[in-house]
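Thanks for sharing this one. Here are a few friendly notes on its charged side-chain pairs, to read alongside the model.

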Amino acid sequence: MRLGLAQLLALHGYLVADARDGEQALRQLAADPGGFALIVLDLLLPGEISGTDLRERQLADTALRPIPTIVITGTERMPHERQPLRPDAWLEKPFHFDALLGLIQQYVVPEWPTLAVAR
């Protein structure tokens, strides 16, 4: 799913950095905290650092805290369970790509025009 979303977002003009797990995501964010306009975070990340752990570390880091974050999850969470994560937006799986794209457009603009696809 990660690679498919990255490809679709790139086709819509967004510059995308993707991470296969929480460890890789933290390394990328730490290397260039000012280089990210938005984080799209799946709470069900593989590896030792879960999506919840990643979000908690992001909120604890003054350089990363201001980056808007859209949380995606396939597990139901009650509002009181969501609140500590303080997401800027929340999207439940399964979702339509257009729903995610609409949320992303609220926070960032594409780097270049989208590709026109002949049908």
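1. Let me start with Asp21, bearing in mind that this is a predicted model. The residue is buried, at a relative accessible area of 16%, which falls under the 20% cut-off. Its salt-bridge partner is Arg20, with an N to O distance of 4.0 Å between the two side chains. Arg20 itself is partly exposed, at 46% relative accessibility.

2. Next comes the pair of Lys93 and Asp42, a salt bridge whose closest N and O atoms are 2.6 Å apart. Lys93 sits in the loop between strand E3 (89-92) and helix H5 (97-105), while Asp42 belongs to strand E1 (residues 39-42), so this contact ties together parts that are 51 residues apart in sequence. Asp42 is buried, with a relative accessible area of 18%, whereas Lys93 is partly exposed at 28%.

3. Please look at Arg2 and Asp18 as well, whose side chains form a salt bridge at 2.2 Å, N to O. Arg2 is in helix H1 (residues 2-11) and Asp18 is in the loop between H1 and helix H2 (22-31); the bridge therefore links parts that lie 16 residues apart in sequence. Both ends are partly exposed: Arg2 has a relative accessible area of 35%, and Asp18 has 28%.

4. For your bookkeeping, how many salt bridges does the structure hold? There are 4, among them Arg2 with Asp18, Arg20 with Asp21 and Lys93 with Asp42.

Definitions and conventions: Residues are numbered from 1 along each chain as its sequence is written. This is a predicted model: local features need pLDDT of at least 70, side-chain atom pairs count only at pLDDT 80 or more; totals for chains, interfaces and linings use all residues. Side-chain values use heavy atoms; hydrogens and water are left out. Helices (H or I, at least four residues) and strands (E, at least two) are DSSP runs, numbered from the N terminus. Buried means under 20% relative accessible area, exposed over 50%, partly exposed in between (1.4 Å probe, protein chains only).
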